[in-house]
Amino acid sequence: MFPTARCLAAKPSGFIKRSAEELSRLTRIAWNSEGLHTPTKPYVLLDFENDSSVANCKTMADRAVGGFSTASLDYVPADPATNSPAHAQFHGSISTKLPMNWRVERTGYAAFRNHDRGMWLFGRLYWDVDPYAYLALRVKSDGRRYTVNIQTDSIVDTDIHQHRLYTRHHRIQDDVSSSSSPSPSSSSSSSASVDNIETPELAERIYPHGIPPSLSDIPPESIIMSRGSSSVTTSGSTGWETILLPFNSFVRTNHGLVVEPQTSILRQRVTSVGIGLTDRVEGPFDLRIHKIWATNGMSEAEIEEERRICGADALPVDEGVMTGWMGDASSEGERKRGAGEKKEPTAKGLKGLKDEWEQ
């Protein structure tokens, strides 16, 4: 049996290729002086249009401890007829059935993440997302309550930073009032709305200071499109949408428990990104993921792809990215039209700081 071109392309990058790619990226940043100002271009972490990204990920489920949940991550080719891009399909089934093992008290989870990125010429390879404000994910959701997981090279290896993946199709339990907005000081009785926590005692152990807003089951009202509906799409939509999650809103957890005191993500040394499902609702799940990247907002270079894939749910171009954070979009429009006096943009990056010092 001989390996096909597709099989060879799907193999994870070797040491030499990883080193060459990272050196090329860093050289490009230095040559374009990108490190001196806020980046306007996206930094792609996982691009599932390439099936090598799927091959470089691993799935996890409670079967590792004798449970009965399943999880798979499969590559799905593009479908030009529906403008659906090539993507990864994270699917399987959640079961809360307990195994014949008295040590296991709770099951019902599934997840995936990328494998460790390996080594390159100067040591272990990390993602440095420090210059970026958001983690962006382009997904097509079935409405279940997924969680985004980020792992870094921290002192405690098992620490994970988490944030709920709120989509337009995010469904919440019918008994949860949409008018109530949980806060970090919420009582433990409201924890029943998070991942089907059975008892107040368990809720108190998982969330000792109440439910963090980023992990609450209740998303902002503005993004709820189909409460209580089992539909995956909405009228006039492709079902695809791009979610922006602020890095500074992620919550540090360890083995599912919120850790105190909280610490920020070590953005310079991100080792893995993934998505998990721990809502403990029995039955199948299906989440499609096109791409995961770090960004400071949607740029003009990305908007064509965003509108083609997401349709009516496409994000607009970010004004800060559009102007390079040198002024607002309206003043730039006036400059382009040549109307009135031209306002000089404020210098950015280290040059801007230098100019302020010299004034």
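What follows is a conversation between a biologist and a modeller about a predicted model.

Biologist: Let's begin with L46. Why is L46 called buried?

Modeller: L46 has a relative accessible area of 4%, and buried means under 20%, so L46 is buried. Its place is in strand β1, residues 43-47.

Biologist: What makes N114 a contact of L46?

Modeller: Contact means heavy atoms within 4.5 Å, and N114 is in the list for L46 along with C57, W127, V273, K291 and I292, once neighbours within four places in sequence are left aside. The C-alpha atoms of L46 and N114 are 8.2 Å apart, with their positions 68 residues apart in sequence.

Biologist: And T147, how do you know whether it is buried or exposed?

Modeller: Its relative accessible area is 7%. Set against the limit of under 20% for buried, that makes T147 buried. T147 is found in strand β9, residues 146-152, and its contacts beyond four places in sequence include Q162, R164 and I275.

Biologist: Now the aromatic rings. Why is the pair of Y43 and Y132 called tilted?

Modeller: The ring centres are 6.0 Å apart, and rings pair if their centres lie within 6.5 Å. Their planes stand at 35 degrees; stacked needs under 30 and edge-to-face over 60, so this pair is tilted. Y43 lies in strand β1 and Y132 in the loop between β7 and β8, 89 residues apart. Both of these tyrosines are buried.

Biologist: What makes F90 and F285 a tilted pair?

Modeller: The same reasoning, with other values. Their centres are 5.0 Å apart and their planes are at 55 degrees, which falls between the limits of 30 and 60 degrees, so the pair is tilted. F90 is in strand β4 and F285 in strand β15, 195 residues apart. Both phenylalanines are buried, and ring pairs link them with F48 and F112 into a cluster. The search of the whole structure finds 5 aromatic pairs.

Biologist: What sits over the ring of F68?

Modeller: The charged end of K97 does, 4.7 Å from the ring centre. The distance limit is 6 Å, so K97 satisfies that part of the rule.

Biologist: How many disulfides are there?

Modeller: The count comes to 0. A disulfide would need a pair of cysteine sulfur atoms within 2.5 Å. As for the cysteines C57 and C310, C57 counts as buried at 10% relative accessibility, and C310 counts as buried at 0%.

Biologist: On to the sheet. Why are β2 and β13 called edge strands?

Modeller: The open sheet of 7 strands has the order β2-β5-β14-β9-β10-β12-β13, paired antiparallel. β2 and β13 each have a single partner strand, so one side of each is left without a neighbour in the sheet.

Biologist: How do you know that β14 pairs with β5 and with β9?

Modeller: Two strands pair if there are at least two bridges between them. β5 and β14 are joined by 4 bridges, and β9 and β14 by 7, so both count as pairs. L277 in β14 has A110 opposite, and Y146 also stands opposite L277.

Biologist: What makes β14 mostly covered?

Modeller: In strand β14, residues 270-277, 8 of its 8 residues are buried.

Biologist: And how do you know that β10 pairs with β12?

Modeller: They are joined by 4 bridges, and a pair needs at least two, so β10 and β12 pair. They run antiparallel, with Q162 opposite V251 in β12.

Definitions and conventions. Residues are numbered from 1 along each chain as its sequence is written. This is a predicted model: local features need pLDDT of at least 70, side-chain atom pairs count only at pLDDT 80 or more; totals for chains, interfaces and linings use all residues. Side-chain values use heavy atoms; hydrogens and water are left out. Helices (H or I, at least four residues) and strands (E, at least two) are DSSP runs, numbered from the N terminus. Buried means under 20% relative accessible area, exposed over 50%, partly exposed in between (1.4 Å probe, protein chains only). A charge sits over a ring if NZ of Lys or CZ of Arg is within 6 Å of the ring centre and within 35 degrees of the ring normal.
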